[in-house]
Amino acid sequence: MSTFLSSVAVLLSTLALLCSGYTAYQVFTLQQTLNVASVGNRNATTSTQKTPSSETSTAPPENKPSSQETPAFSSSTTTAQSTTSTGSAIKPGEFVQPSFGRKAEVELLSLKRIKDPETGNRDVVNLQMRIRRVATDGINPGESVGVYNTTARNPDTSETYKGINLKRSTGSVELFSLRPQASADAYVWLRIPEGVNSIDVFVPDTAAFKNVPVSN
C-alpha cells in the first residue's frame, strides 16, 4: 500500500513539473512574439520619418535665370555706323597718273572736306598727293609739279574750282631734287561748295583724274 502511494506521488510530481515547464515555454514564446512585433513597429516608424527628408534632399534645384546673360547684338549695326562715319575714301593706288610724260607719276592720297578756319564754313577740300620720280635721267632743272595750280571741276555742272591761295599748298615739287624712285608728299586746299561729292582733279603737267570722291 505504501509502495502504491509513493508511485502516485512521484507521478503527480512529474505531471506538475511538466505543467510548469509547458507554462514557462508558453510565456517565453509569447514574450518573443511581443518583442518582434515591437521592433517591427519601430522600424516602420523610422522609415516613415526618413522618407520626406530623403525626397527633399534628392529633389533637383530650381533653375533660376542668370542675371549675367545678355542678349547678343548683331555686328551689322557696328559695321553700318563705321561705314557712315568713314564715308567715301580713296583707296591706295586707285588714282595714279603719269606726269611730264613718263618721267614722274602723281598719286592722289586723300580728298577730304574740312572747315575753313577763317569763315567756319565746310566749303574747303584738302587734297593730298604723292609725287614720285620715275626716270633715272633726263630730268631738267625747270621741271616741277606746280601743286598750287591744281584745279578741280564738277563733272555734273562743269563748274571749275581753284585753290584758296599759295599759302594753303605745298607750292611746287621739283623732280630734279628727287632721286630715282623717290617721292615727296604735297597738298593743296581747294574751294569746293558743300554738297559736291565727286570732282575731276587737274594737276599741272599730269594726266587728269576723273570722278574722285570727296570724303567727309
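# Exercises on a predicted protein chain

Of the 216 residues of the protein chain, 24% count as buried, where buried means under 20% relative accessible area, exposed over 50%, and partly exposed in between (1.4 Å probe, protein chains only). The model is predicted, so local features need pLDDT of at least 70 and side-chain atom pairs count only at pLDDT 80 or more, while totals for chains, interfaces and linings use all residues. Residues are numbered from 1 along each chain as its sequence is written, and side-chain values use heavy atoms, with hydrogens and water left out.

## Exercise 1: The overall plan

Find out how many helices and strands the protein chain has, and in what pattern they follow.

*Solution.*
- Step 1: Begin with the rule. Helices (H or I, at least four residues) and strands (E, at least two) are DSSP runs, numbered from the N terminus.
- Step 2: Count the elements. The protein chain holds two helices and 10 strands.
- Step 3: Read along the sequence. The pattern is α-α-β-β-β-β-β-β-β-β-β-β.

## Exercise 2: Two sheets

Work out the strand order of each open sheet of four strands, and name the edge strands.

*Solution.*
- Step 1: Recall the pairing rule. Two strands pair if DSSP finds at least two bridges between them.
- Step 2: Take one open sheet of four strands. Its order is β1-β2-β3-β8, with antiparallel pairing. The edge strands are β1 (96-99) and β8, each of which pairs on one side only. Neighbouring strands of this sheet are turned by 30° against each other on average, direction ignored; here axes are lines fitted to C-alpha atoms, for helices over the stretch in contact, and angles run from 0 to 180 degrees between N-to-C directions.
- Step 3: Look at how β1 meets β2. Four bridges join these antiparallel strands, and Q97 has V106 in β2 as its bridge partner.
- Step 4: Turn to the open sheet with the order β6-β5-β9-β10, whose pairing is antiparallel. Its edge strands are β6 and β10 (209-213), each pairing on one side only.
- Step 5: Check β9 (residues 198-202) against β10. Three bridges join these antiparallel strands, and S198 stands opposite P213 in β10.

## Exercise 3: The nonpolar core

Which residues have the most contacts inside the largest nonpolar core?

*Solution.*
- Step 1: Learn the terms. A nonpolar core is a set of buried Ala, Val, Leu, Ile, Met, Phe, Trp, Tyr and Cys residues joined through side-chain atoms within 4.5 Å. Contact means heavy atoms within 4.5 Å.
- Step 2: Find the core. The largest one has 31 residues, and L108, M129 and I199 have the most contacts inside it. At least two residues of this core come from each of β2, β3, β8, β9 and β10.
- Step 3: Follow L108. Leaving aside neighbours within four places in sequence, its contacts include I90, F95, L127, M129, V201 and F209.
- Step 4: Link this to a general tendency. In soluble globular proteins, nonpolar side chains tend to be buried together.

## Exercise 4: Two buried polar contacts

Decide whether S99 and T150 are buried or exposed, and find a polar contact for each.

*Solution.*
- Step 1: Note the cut-off. A polar contact is a pair of N or O atoms within 3.5 Å; within protein, one must be able to donate a hydrogen and the other to accept it, and residues adjacent in sequence count only if both atoms are side-chain atoms.
- Step 2: Place S99. This residue lies in strand β1 and is buried, with a relative accessible area of 0%. A polar contact of 3.1 Å joins the side chains of S99 and T206.
- Step 3: Place T150. This residue lies in the loop between β4 (144-145) and β5, and counts as buried at 1% relative accessibility. The side chain of T150 reaches the backbone oxygen of V147 at 2.8 Å.

## Exercise 5: Loop residues

Where do Q181 and S158 lie, and what is the phi of each?

*Solution.*
- Step 1: Know the background. Most residues other than glycine have a negative phi.
- Step 2: Locate Q181. The loop between β7 (173-174) and β8 (183-191) holds Q181, whose phi is near 70°, a positive value. Q181 is exposed, with a relative accessible area of 53%.
- Step 3: Locate S158. The loop between β5 (151-153) and β6 (160-161) holds S158, and its phi is near 65°, also a positive value.
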